[in-house]
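Trainee: Could we go through this one together? I'd like to hear the reasoning behind the labels.

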Amino acid sequence: MEKQGVRGPKPRPLTGNILDVASFLSKSTSKDMDQITHDTVSRLLPHYVAWSKQYGKRFIFWNGVEPRLCISETEMIKELLTKYSTKSGKSWLQREGTKHFIGRGLLMANGSDWSHQRHIASNAGLMVECTKNMLQSLRNAVESGQTEVEIGEYMSRVTADIISRTQFGSSYEKGKQIFHLLTELQSLCHQATRHLCLPGSRFFPSNYNRQIKSKKMEVDSLLLEIIQSRKDCVEIGRSSSYGDDLLGMLLNEMERKRSDGFNINLQLVMDECKTFFFAGHETTSLLLTWTVMLLASNPCWQEKVRAEVSEVCNGETPSIDHLPKFNLSLDSHGYEEFPVY
């Protein structure tokens, strides 16, 4: 890399630049944001901003024992994602840090495994009923005299409910139990980013490792219970398939792929279920929370959105069929007046 002109901060033995990144992040998040802004890179990735100024748009730093190459040239990123998508992927440290949480599901799959799993997991729906329930709970809170609500909790609850129903159908109550356990497990596994992860460290009998293994066993036990009940129904002839929810799709695909020589074992199915909880829940709930915050900060946007929804839906509940009919052009609504993007 150095011969190609790619430089970066000098790493420490074993820890690399982990302590430097932590120091940058501690300083950038020590105070609240002065104002609402979409430019969050300097706050969330301050090390990238500092090192890109010092070493250029292409630089390298070390996350423990692994090098991280940072690139910002559009054409190079495009080439990497198109020509070398099957060769690139998640590193050993990334996979090691999340293996107890989402295992080797789609987010952590590499190469041909990613291609197979992406094809299987490409179909999932949403449930309008969950959103209606969430909105009703908000109305109840307002009618009871509550003047302030933590909107992030409502968005987290509705996305968790949707994912539980989408993945497990009639077994969604157990799915909600799995979700709560995964939330706790996620919090524990997130600490791995602040720990030095060395080969064999997972076998060390620390309280941290014991907690992770205990939560993982609870999650796997609940998932196996749901999967086994589906298999029993098929084996005794009560059902001709494993179901039309996401779990059913994965199990049906597992049976179909056996003849093609692609082995999707039960552990992989469980890992995919965990992956969808992680990928579909937190990212979506945070995006919804941010959207509501922007609407609350700009009442004129609310009026425009309400008017368009009323016009397109004509009193009906918004559905996926309505989406193509919405005019997504910012200019047509005059949104250029506001500092959005």
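Mentor: Sure, let's take the labels one by one, bearing in mind that this is a predicted model.

Trainee: Then confidence comes up right away: what is the mean pLDDT of the chain?

Mentor: The mean is 76, and 74% of the residues reach 70 or more. Among the elements, α3 has the highest mean pLDDT, 93, while helix α14 (residues 330-333) has the lowest, 43.

Trainee: Where does pLDDT stay under 50?

Mentor: One stretch is residues 114-125, for which the model has 24 contacts beyond four places in sequence. Another is residues 329-341, with 18 such contacts.

Trainee: On to the aromatics. How many aromatic pairs does a search of the whole structure find?

Mentor: Four. One of them is Tyr 48 with Phe 59, at 5.5 Å centre to centre and 40° between the planes.

Trainee: Why is that pair called tilted?

Mentor: Ring centres have to lie within 6.5 Å to pair, and planes under 30 degrees apart are stacked, over 60 edge-to-face, the rest tilted. The centres here are 5.5 Å apart and the planes make 40°, so Tyr 48 and Phe 59 pair and the label is tilted.

Trainee: And what parts of the chain does the pair link?

Mentor: Distant ones: Tyr 48 is in helix α3 (residues 46-55) and Phe 59 in strand β1 (residues 59-63), 11 residues apart.

Trainee: What makes Trp 51 and Phe 59 an edge-to-face pair?

Mentor: The angle between their planes is 75° and the cut-off is over 60, so edge-to-face is the right name. Their centres are 6.4 Å apart, within the 6.5 Å limit, so they count as a pair.

Trainee: Which residues form one aromatic cluster?

Mentor: Phe 24, Tyr 48, Trp 51, Phe 59 and Phe 61.

Trainee: Is Tyr 48 buried, exposed or partly exposed, and how do you know?

Mentor: Its relative accessible area is 23%; buried means under 20% and exposed over 50%, so Tyr 48 is partly exposed. Phe 59 has 0%, so it counts as buried. Trp 51 is buried as well.

Trainee: How do you know whether Asn 17 is buried or exposed?

Mentor: Asn 17 has 0% relative accessibility, which is under 20%, so it is buried. It lies in the segment before α1 (18-28). Leaving aside neighbours within four places in sequence, Asn 17 is in contact with Pro 9, Lys 10, Pro 11, Trp 51, Phe 61 and Trp 62.

Trainee: What does the side chain of Asn 17 reach at 3.2 Å?

Mentor: The backbone oxygen of Lys 10. The limit for a polar contact is 3.5 Å, so 3.2 Å qualifies.

Trainee: What makes the phi of Leu 14 worth a mention?

Mentor: Phi of Leu 14 is near 70°, a positive value in a residue other than glycine. Leu 14 lies in the segment before α1. Asn 314, in the loop between α13 (299-313) and α14, also has a positive phi, near 50°. With a relative accessible area of 66%, over the 50% cut-off, Asn 314 is exposed.

Trainee: Last one: how many disulfides does the count give?

Mentor: Zero, with the cut-off at 2.5 Å between cysteine sulfur atoms. As for individual cysteines, Cys 313 is buried at 2%, whereas Cys 233 is partly exposed at 23%.

Methods: Residues are numbered from 1 along each chain as its sequence is written. This is a predicted model: local features need pLDDT of at least 70, side-chain atom pairs count only at pLDDT 80 or more; totals for chains, interfaces and linings use all residues. Side-chain values use heavy atoms; hydrogens and water are left out. Buried means under 20% relative accessible area, exposed over 50%, partly exposed in between (1.4 Å probe, protein chains only). Helices (H or I, at least four residues) and strands (E, at least two) are DSSP runs, numbered from the N terminus. A polar contact is a pair of N or O atoms within 3.5 Å; within protein, one must be able to donate a hydrogen and the other to accept it, and residues adjacent in sequence count only if both atoms are side-chain atoms. Contact means heavy atoms within 4.5 Å. Rings of Phe, Tyr and Trp (its six-membered ring) pair if their centres lie within 6.5 Å; planes under 30 degrees apart count as stacked, over 60 as edge-to-face and the rest as tilted. pLDDT is the predictor's confidence in each residue, from 0 to 100.
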